[in-house]
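Here is a quick tour of one protein chain, starting with the whole and then dropping in on a few spots. Keep the structure open while you read.

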Amino acid sequence: MNKRTRKNKITLLSFLLFFIYIVPSFTVNADGNNLIILGNQQISEDTIKIISNFDEENPYSNKSLNSALKNLTSSGLFETVSIDRRDRDIVIRVKESVQISEIIFEGNKVFSEDELREVISSKNRDRLSEQRILEDVNRLLTLFRKKGRFNAAVSPSYIKGDKNTVQLIFSIDEGSILEVKDIVFSGNDTISDNRLRAITVSKRKGLFSFITDNDNYAEGLQTNDKIAIEKYYKDNGYFDALVLSHVGQLSRDNKEITLSYSIFEGQRYSLGEIEVFGDSKELDFNKIRESIPLSKGDFFNQSKVQEVANTLQKEVLSKGLSLVKVEVNTKKDRGNATIDLNVTFSDKKRMFVEKIVIRGNSQTLDRVIRREFDLIEGDAFNPIMLRKTEEKLRATGFFKKVSFTVKPGSSKEKSIVLLDVEEAPTGSLNFGVGYSTDTRLTGSLSLAERNLLGKGQRLNVNLSVAEQSQALNLGFTEPAIFGRAVSAGISLNLRKVDPSESTYTSNSVSLNPSLGFKVGPDTRMSLSYQLENIEINSEKSPSVVLRKDDGSYMNSSIKSIFVFDKRNSIIEPTDGYIVKLATSFSGLGGDTGFIKNSLKSRIYRSILKDSVVFSAELEGGILHNLKGYSRITDRFKLGGRNFRGFQFGEVGPRDVSGDALGGDKFLMNRLEVNFPLGLPEDLGLYGGVFSESGSLWGLKADPSVVDSILYADRFFRSSAGFSLYWTTPIGPLQFNWSKPINYLEGVDVTENFSLNLATRF
C-alpha cells in the first residue's frame, strides 16, 4: 500500500469518527451551536448551562425544557426566563436580575443601622427580589411594633447604578409611640380598678411618661397583664378567677390605645385542712407540718403555696434526699368555700443523670466546663446542684450565656442534661482612669487572659498608678492542676505606697505561690507562701513610732484562707451565709514574726420575693507579734469602704504628731438593707440603707515610744447612711452618703460622701 492510499484512508477514518462521536455530542448535550443563550450580560453562558441541567439523553423533550426553565427561574439570578425550540436549536432568553450594591436606611433613630441589618434578609451583592424586599419591610415593621411604634412606615426605593446594580433604600418613618390612654375593667366586683391598674404591667399615660416607657404599648403586653391579674386574684383567695378576654381599642389618630379586660372573679376560698404524707423513713412529717407557714382559715394564696412547695423541696435536697419529690395537691370544697392542701413526699420516682451534653463551646475545652459540675453521669438528678453549676459557670466570665435543658433519657428513670453556652471574649487589654474617695485619681493598665488556650488558665499583668500607691502585678493560675480539683498559681507583686494619713513610704517586692482546693461541698481552702522584701522609709517622719519602723525587712510567711459558703447565690445572694477565716504566720526565716488572724461572716435574708435583701456582717482581726514589735505595714486599718463615714486609715491609734498608726485589733459589725427604687430595671439602680459600728485598737510598740501613742484604747465609732448602687459597664459603682454618729471629735477624720467600686462578700 503506497503512502497516498494510506493517507486517504486516515482522512476517511477521521471524518467517520467526527460524525460518529463529535456531532452527536452537540445534540445530546445541547452544547455548541445547538444551544443559543441571549440577554445575559454579567452571568456567563457556562453558568447558565450548568444551572439549566438539561437531560443529556433527551434535551429536547418537554420534561427537560420545563425542568431547565424551573431551574433558571428559581435560581434568583434572572428577572425573566424563556426557553424555545427552533428546529435543532434551543434558545434561552434571559433578563438578569439587578444586583444590590448597597443597602441604606434613612430616618431611623430608635434602632441603629446594624440592628436593622440583622433583621432583614436582603444583603449586599444579593440579586434584587421584590418578594424578599416585601418580607424585609414586614420584618422591620414588626421590630418597630415591639417598641410600641405601630404607626411606623417603611418604604423601599432604588437608585440605579452602573453595571446593572442598584442601591436599595429603606425610608423609615418611625411614627409616634402608641401610648396607653386608659385601662378599664369589667366584672371586678371586689377588687377596685385602681388596685388592678397598680398590678398590671401596662401603665396609663401620665405626667412622668417621658421618664419611663411603661405606658408604651407593645405586642404581648396584654398577655402579661392577663397573667398579672390572674395571679393577683389567685394570691388573694380567688382560686377560680380568670381574665375572660382582653381587647385594645385604638384612637382615631392611632396614637393612643385603651386596654379593656373582662374578669370572672368567682368565690373567695380559705385554707381548709393541711395534711402531710410520705413514704420516706428519713423525714419527720410532724415537724414538717409545724414548719409550714400556712394556717387553716387563711385566704388561699397560690404563690405562698408554691413557695412552700419550693422551700420544702430545697430542704429535702439539702438533707441529701435528692430523689424525694414534693407535691402539693389542692382539693376544693365549693360549699364551704375552702381548699384543702395535701403535701406529699414521694421517693418512688427515681431520676438519674444518664448523659451530660455540652454545646456551643468552640474554644473552652469540655473538661474545663465539666469540672464546674457538682454532679456527673450516673448521679441522682439534683436541680439545686444544676443551678449552682450554672452560677459557677457564669462566674468564670468565659461565657455570655449559660442555659440548662433537661430532656428524658432512654428510660423513665434517666434524664439527659443539655448545657448550651455562648462564649465571651476572655482576653483583654484595658487602659482606664478612675476615681474613688479611698484611692483618689487612679490610672490603670491591664493585660489579661482568663481562659488561656481554652484550658481555663488565667494570665494577668496589672499596672495601677494612684496618688497614694503604685503597683505592678504579674500572675498565672492553673485552676485544675493534674486534672484534680486543686488550683495552683504564682504571682509577682511590686508595690509602692505613700499614704495620706501617715508620713512614711514603703516599697515592696513579693513572690507568692499558692494552692486552692475544696474541703467539702460548700467549703474551700487556699494555702499560699509569701517571700517579701519590704523597705519602709520613715526616717524623716515627725512620728517617733513610725521612725522606729524605718528600714528594710524580709518577710517569709504562709497564709491560709478557709471559706464556708452557704449562700443561695454566689452572684446575688438573698439567703444563707458565708464565713471566711484568714490566718497568716510570719517567721519562717526572715526578719519578721507574727500571727495575723481575721474572721469575716455575713448572713442574708430577703422578703417580698427577694426584692428586699437584709444582711448582717461581723468582722474582726487580731495581730500577735512573735518577734519584735508590729510595723505600720503589718497592722490593720479602718475607714473608707470598710467603715463608711470615716476616711480610709483615719480611725484608731495615733501618734502625738497626728499620724495614723493602724492597730493590732479591730472589730466591725454592719447592718444593711438593699431594695429597688421603683425605676426601670435597665437603669441598673437600686438603693440601700446601712448602719456600721466598729473599733480599731491596740498597738504593741517599742517601750521607748509608747508614750507617743494616743487613742489606742478600744472605742467604738458608728455611722449610718444611704447607698446608691449603679450597675455600669465598668462594674458596679457604690455612692455612699454617711452620717458619723459616734466618734472622737477633732481626732477621727470623717467623710459624708464616698464613691467606690462596689464589692460583694
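Among contacts in the protein chain between residues at least 6 apart in sequence, what percentage joins residues at least 24 apart? The figure comes out at 57%. Keep in mind that this is a predicted model.

**The whole chain**

The chain runs to 761 residues, and 39% of them count as buried. Its secondary structure comes to 12 helices and 33 strands. About 42000 Å² of the protein chain is exposed, with carbon and sulfur atoms supplying 54% of that area.

**A three-stranded sheet**

Let's start with an open sheet of 3 strands, in the order β10-β12-β11 and with mixed pairing. Which strands stand at the edges? They are β10 (270–278) and β11 (325–333); each has a single partner strand, so one side of each is left without a neighbour in the sheet. From one strand to the next, the twist averages 20°. Strand β11 and strand β12 (residues 338–346) run antiparallel and are joined by 9 bridges. One bridge pairs Asp-333 with Thr-338, the latter in β12.

**Aromatic pairs**

Searching the whole structure turns up 16 aromatic pairs. A pair of aromatic rings is described by the distance of the centres and the angle of the planes. Here are two of the pairs:

| Pair | Centre distance | Plane angle | Arrangement |
|---|---|---|---|
| Phe-105 and Phe-170 | 5.7 Å | 15° | stacked |
| Phe-564 and Tyr-577 | 5.9 Å | 55° | tilted |

Why is the Phe-105 and Phe-170 pair stacked? Its planes are at 15°, and planes under 30 degrees apart count as stacked. Phe-105 belongs to strand β4 (residues 99–106) and Phe-170 to strand β6 (residues 165–173), so this pair ties together parts that are 65 residues apart in sequence. Both Phe-105 and Phe-170 are buried.

In the tilted pair, Phe-564 sits in strand β23 (residues 551–565) and Tyr-577 in strand β24 (residues 576–590), so the parts tied together are 13 residues apart in sequence. Are these two rings' residues buried or partly exposed? Phe-564 is partly exposed at 27% relative accessibility, and Tyr-577 is partly exposed too, with a relative accessible area of 34%.

There's also a cluster: ring pairs link Phe-722, Phe-735, Trp-737 and Phe-753.

**Two buried polar residues**

Now for Ser-615, which you'll find in strand β26 (residues 612–627). With a relative accessible area of 9%, Ser-615 is buried, because the cut-off for buried is under 20%. Its side chain makes a polar contact of 2.9 Å with the side chain of Arg-602. Leaving aside neighbours within four places in sequence, the residues in contact with Ser-615 are Arg-602, Ile-603, Tyr-604, Arg-670, Leu-671 and Glu-672. Pro-573 is 42 residues from Ser-615 in sequence, with a C-alpha to C-alpha distance of 9.7 Å.

And where is Glu-501? It lies in the loop between β20 (486–497) and β21 (505–520). Glu-501 has 6% relative accessibility and counts as buried. The side chains of Glu-501 and Lys-637 are joined by a polar contact of 3.0 Å. Not counting residues up to four places away in sequence, Glu-501 touches Lys-637, Phe-648, Gly-649, Glu-650, Asp-659 and Ala-660.

Notes
Residues numbered from 1 in each chain as written. Predicted model: local features only at pLDDT ≥ 70, side-chain atom pairs only at ≥ 80, totals over all residues. Heavy atoms only, no water. Helix = DSSP H or I, 4+ residues; strand = E, 2+ residues; numbered from the N terminus. Buried < 20%, exposed > 50% of the residue type's maximum accessible area, 1.4 Å probe, protein only. Contact = heavy atoms within 4.5 Å. Areas by Shrake-Rupley, 256 points an atom, 1.4 Å probe, with all protein chains shown as cover. Polar contact = N/O pair within 3.5 Å; in protein donor to acceptor, adjacent residues only side chain to side chain. Pairing = 2+ DSSP bridges. Axes fitted to C-alpha atoms, helices over the stretch in contact; angles between N-to-C directions. Phe/Tyr/Trp six-rings, centres within 6.5 Å; stacked < 30°, edge-to-face > 60°.
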